[in-house]
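Visitor: I have a structure on my screen and would like to talk it through. Could you show me around?

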Amino acid sequence: MATGRTHRPATRSRGIPEATVARLPLYLRALTALSERSVPTVSSEELAAAAGVNSAKLRKDFSYLGSYGTRGVGYDVEYLVYQISRELGLTQDWPVVIVGIGNLGAALAGYGGFASRGFRVAALIDADPAMTGRPVAGIPVQHSDDLEKIIEEDGVSIGVIATPAGVAQQVCDRLVAAGVTSILNFAPTVLSVPDGVDVRKVDLSIELQILAFHEQRKAGEESNAETGTDTAEAEPAPAAAPPAPRATTRKGPDGDVPAVMPA
């Protein structure tokens, strides 16, 4: 089985749009569930509904893979599972290091979805000497002093950062310098990386804040429905424009200053 260092995914060279790449895992998850139920074929409408997209977009995405369903039959489930897995690079071994073995890092280490999708947790790394040698999910934690050596010996090209925000950039810099070219960042900070290094950010607090926004909006709509108030009517009317200044009015050296400065 090939390793992550010797082969890069073919998606970029084949010109597959990033939006399509982002949807491929959704299709693969839906197809895997069908495969586990021994479903031989699936229509574009059924698969699109299972993946949460519309069928026209699904057919367009699959056209980039060179996969076209048979009219009246649909798509072959097993073939699509293989085709998408190959396109995503999941038919090979991808050694991964997780840096920062706190509560989140330990949970990631024990996540069974990595191995089933071709990602092998090669090492767990933490800066706390008290953690060194302690098994987490059956893997002994190694000290961060050995980070570069571990990456070289295991041929690691994917790193997961689960450290506090204050040290995430430093860890990122060391990963990149050691040869890591893809990073999954769970630290609540934006990382700066050179060209050629891909970063995917997962910020749970931001996702919760977005959900809170939608909950607040739904609560407001329900309140308006109960009182019979239309949302548009509930919005305050725009304030009347102030009278134009008289010709004798003097301006400051920087001109008029808006009441609310843009962020």
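Visitor: Let's begin with a charged pair. How far apart, N to O, are the side chains of E45 and R59 in their salt bridge?
Guide: Keep in mind that this is a predicted model. A Lys or Arg side-chain nitrogen has to come within 4 Å of an Asp or Glu carboxyl oxygen to count as a salt bridge. The side chains of E45 and R59 do meet that way, and the N to O figure is 3.6 Å.

Visitor: Which helices does that pair link?
Guide: E45 and R59 are 14 residues apart, so the salt bridge links distant parts of the chain. E45 sits in helix α2, and R59 belongs to helix α3. The helices you're after are α2 and α3.

Visitor: Is E45 buried, partly exposed or exposed?
Guide: Buried would need under 20% relative accessible area, and exposed over 50%. E45 comes in at 47%, while its partner R59 has 38% and is partly exposed too. That makes E45 partly exposed.

Visitor: What about E148, which residue does it form a salt bridge with?
Guide: Look from helix α7 (residues 147-154), where E148 lies, to helix α8 (residues 165-177), 26 residues along from E148. E148 is partly exposed at 31%, and its partner is partly exposed at 24%. The closest N and O atoms are 2.8 Å apart, and the partner is R174.

Visitor: And where do E215 and K218 lie?
Guide: Their side chains meet in a salt bridge at 2.7 Å, N to O. The two residues are 3 apart, about one turn of the helix. Both are in helix α9 (residues 204-227).

Visitor: How many salt bridges does the count come to?
Guide: We've visited E45 with R59, E148 with R174, and E215 with K218. Those are among the pairs that make up the count, which comes to 6.

Visitor: Now for the greasy part. Which helix gives the most to the largest nonpolar core?
Guide: That core has 23 residues, with Y27, L31, V42, L47, L58, F62 and I84 making the most contacts inside it. Helices α1 (18-36), α2 (44-51), α3 (55-64) and α4 (77-87) each supply at least two of its residues. With 7 residues, the top contributor is α1.

Visitor: Which residues is L47 in contact with, leaving aside neighbours within four places in sequence?
Guide: L47 is one of the residues with the most contacts inside the largest core. Setting those sequence neighbours aside, the list is Y27, A30, L31, L34, V42, L58, F62 and L80.

Technical notes
Residues numbered from 1 in each chain as written. Predicted model: local features only at pLDDT ≥ 70, side-chain atom pairs only at ≥ 80, totals over all residues. Heavy atoms only, no water. Core = buried A, V, L, I, M, F, W, Y, C linked by side-chain atoms within 4.5 Å. Buried < 20%, exposed > 50% of the residue type's maximum accessible area, 1.4 Å probe, protein only. Helix = DSSP H or I, 4+ residues; strand = E, 2+ residues; numbered from the N terminus. Contact = heavy atoms within 4.5 Å.
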